[in-house]
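Student: I have a structure to go through and would like to ask about it piece by piece. Can we start once it is on the screen?

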Amino acid sequence: IGSGKWEVTGPPGRGCGRPPGLPRGVLGQFRSAWCLAGLRRFRRFQAVTLTHLQSVASNYNVSYNVDVRFRSLAEESQAVAQAVNQSQAVVQGELVQLKAWVRKLQRRSRKIDMRLRALDLALGERSQQQARERKAHEAQGDALQDSLARLEGLVHSQGARLAALEGWLPVAHPGITALGPALVPAPTQPGLLGPSSLKLQRDRQELQAACEHRGPRQDSSAPLHGTREPPGSGSHRVLNGTATAPKDPPRQAWSPRGPGEICGVGPTLVFPNASTKNVVFLSPGFVTALRAVSFCSWVRTASGHLGTLLSYATEDNDNKLVLHGRDSLLPGSIHFVIGDPAFRELPLQPLLDGQWHHICVIWTSTQGRYWLHVDRRLVATGSRFREGYEIPPGGSLVLGQEQDSVGGGFDSSEAFVGSMSGLAIWDRVLVPGEVANLAIGKEFPAGAILTLANAALAGGFVQRANCPCLEHCP
């Protein structure tokens, strides 16, 4: 007891041994207590041992389950490995086939590349050849256009010279009023005349004029026979419906009634004021596209500005062709518009004197050339104005007003106040000889597409007069 250690000398149930150092005299007193304490310790040890054994058994069960699961996983992994091996074998076979197809495609692509390079080379050579040919054609076209422009300039200059000579002839020979038809051949379209033909024609005219100068003098009041003029008052009428294109006017005599009088040019349209109701339509307008246009008319203005002589509008552009004047412009100037906003300003100051004047405005898309003739004189010319342009058909053609919409949108500040007579439009370029013949009443050029026979009065105060001579018109 003093050492604190107990010793069991026998198994439980058979008594307890003597504790070390315990005298034999006190053995009976402590035997029961000591044996009971040892029994309790044994039972606690037995319970701990049982608990430990149960834990060991539980751990064994867990490890067994782990082993079973591990074997199951091993079997599954072997099955997956076999499946992967089989798939790999299949993929290897397909890869072999794919490589074979790739090699075939590479060989085919090389062949196709070689063909494409050969085709590209051939196309490049062909395109270069076409480019050279196109440049050669363009050079030829430019040369032809330059030649045509020089020819047109030569024709106009020679025509202006001829017109001046014809104007000087009555001054030098008062008894001769004009050349007869035997001396001046009928006008020919400029596209049909070559340089040699023009030279021969001028030489013939000069020779015949010289012969005429040596012949007997003519009476100044004798009429000129065999000439062609615009239709007279009997052949002109206002069309309320659809008008047809005019035919070539019949041949009729033109005879001046007195010095400086202008007679036999057909009906006259009088615009008395700047009302927007004063409008005249030319129907059917332009039925085909125009690459050239000639507009000629006798004009007398009664206001301090010219106003609008002609207006052609379509749905996409209300200023396709306009001879446009207004009170805000410089007095005597007019805008010649083709396909707004392109325009040229033309000087027409001589028209502000309140007298009759003959004007011709001519344009061609070839190099954009244009000319303005006033009383047979060339007063303005230029180029590069709407070069290559084409005036479309199907629009509204109006005299005396400027259209801001098709057939309407008029402004009184742009209205024409005065008179027009002998108006005609051609779809070609009139040469100076034709302009001069038209201005002196010698001959009406062939091929007019519109005249005052196509005029339809739309109301307002516009008057239509048939005067023998322009000086007698209101």
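Student: How many salt bridges does the structure hold?
Tutor: This is a predicted model, and the count rests on its computed coordinates. A pair counts when a side-chain nitrogen of Lys or Arg lies within 4 Å of a carboxyl oxygen of Asp or Glu. On that basis the number of salt bridges in the structure is four.

Student: Which residue forms a salt bridge with Arg-291?
Tutor: Arg-291 is in the loop between strand E2 (280–282) and E3, and its partner is in the loop between E10 and E11, 99 residues apart, so the pair links distant parts of the chain. Arg-291 is partly exposed, at a relative accessible area of 42%, and the partner is partly exposed too, at 41%. The closest N and O atoms are 3.9 Å apart, and the partner is Glu-390.

Student: In the salt bridge of Asp-316 with Lys-320, which residue is buried?
Tutor: The closest N and O atoms of this pair are 3.9 Å apart. Buried means under 20% relative accessible area, and exposed means over 50%. Asp-316 has 63%, so it is exposed. The other residue has 8%, so the buried one is Lys-320.

Student: What is the N to O distance in the salt bridge of Arg-428 and Glu-434?
Tutor: Arg-428 is buried, with a relative accessible area of 10%. Glu-434 is buried as well, with 1%. Their side chains meet in a salt bridge, N to O, at 2.9 Å.

Student: Why is strand E3 described as largely enclosed by the rest of the structure?
Tutor: Ala-292, Ser-294, Cys-296, Trp-298 and Arg-300 point one way from E3, and they are buried. Val-293, Phe-295, Ser-297, Val-299 and Thr-301 point the other way, and they are buried too. E3 (residues 292–301) is therefore largely enclosed, the number of its residues that are buried being 10 of the 10.

Student: Which residue in E8 is the bridge partner of Phe-295?
Tutor: E3 pairs with strand E8 (residues 357–364) in the antiparallel sense, over eight bridges. Phe-295 points from E3 to the side shared with Val-293, Ser-297, Val-299 and Thr-301. Its bridge partner in E8 is Val-361.

Student: Which residue in E12 does Ser-294 stand opposite?
Tutor: E3 is also joined to strand E12 (residues 418–426), by seven bridges, and these two strands run antiparallel. Across that pairing, the residue opposite Ser-294 is Trp-426.

Student: Where are the cis peptide bonds, and what is omega for the one from Ser-283 to Pro-284?
Tutor: Most peptide bonds are trans. One cis bond joins Asp-340 and Pro-341, with omega about 20 degrees, and Pro-341 is in the loop between strand E6 (333–338) and strand E7 (343–347). Pro-284 is in the loop between E2 and E3. For the cis bond from Ser-283 to Pro-284, omega is near 15 degrees.

Student: What is the phi of Arg-376?
Tutor: Most residues other than glycine have a negative phi. Gln-367, in the loop between E8 and strand E9 (370–374), has a positive phi of about 60 degrees although it is not a glycine, and Gln-367 is buried at 8% relative accessible area. Arg-376 is in the loop between E9 and E10 and is partly exposed at 23%. Its phi is also positive, although Arg-376 is not a glycine, at about 75 degrees.

Student: How far apart in space are Ser-383 and Arg-369?
Tutor: Ser-383 lies in the loop between strand E10 (377–382) and strand E11 (396–399), and Ser-383 is partly exposed, with a relative accessible area of 36%. In sequence, Ser-383 and Arg-369 are 14 residues apart. In space, C-alpha to C-alpha, the distance is 4.1 Å.

Student: Which helix holds Lys-111?
Tutor: Lys-111 belongs to a surface patch of positive charge, together with Lys-99, Arg-103, Lys-104, Arg-107, Arg-108, Arg-110 and Arg-115. Lys-111 is exposed, with a relative accessible area of 52%. The helix, residues 27–172, is H1.

Student: What accessible area does the nonpolar surface patch with Val-91 have together?
Tutor: Val-91 lies in helix H1 and is partly exposed, at 41% relative accessible area. The other members of the patch are Leu-95, Leu-98, Trp-101 and Val-102. Together their accessible area, with that of Val-91, is about 440 Å².

How values were computed:
Residues numbered from 1 in each chain as written. Predicted model: local features only at pLDDT ≥ 70, side-chain atom pairs only at ≥ 80, totals over all residues. Heavy atoms only, no water. Patch = residues over 30% accessible without salt bridge, like charges linked within 9 Å, V, L, I, M, F, W, Y side chains within 5 Å. Areas by Shrake-Rupley, 256 points an atom, 1.4 Å probe, with all protein chains shown as cover. Lys, Arg positive; Asp, Glu negative; His and termini not counted. Charge placed at Lys NZ, Arg CZ, Asp CG, Glu CD. Helix = DSSP H or I, 4+ residues; strand = E, 2+ residues; numbered from the N terminus. Buried < 20%, exposed > 50% of the residue type's maximum accessible area, 1.4 Å probe, protein only. Pairing = 2+ DSSP bridges.
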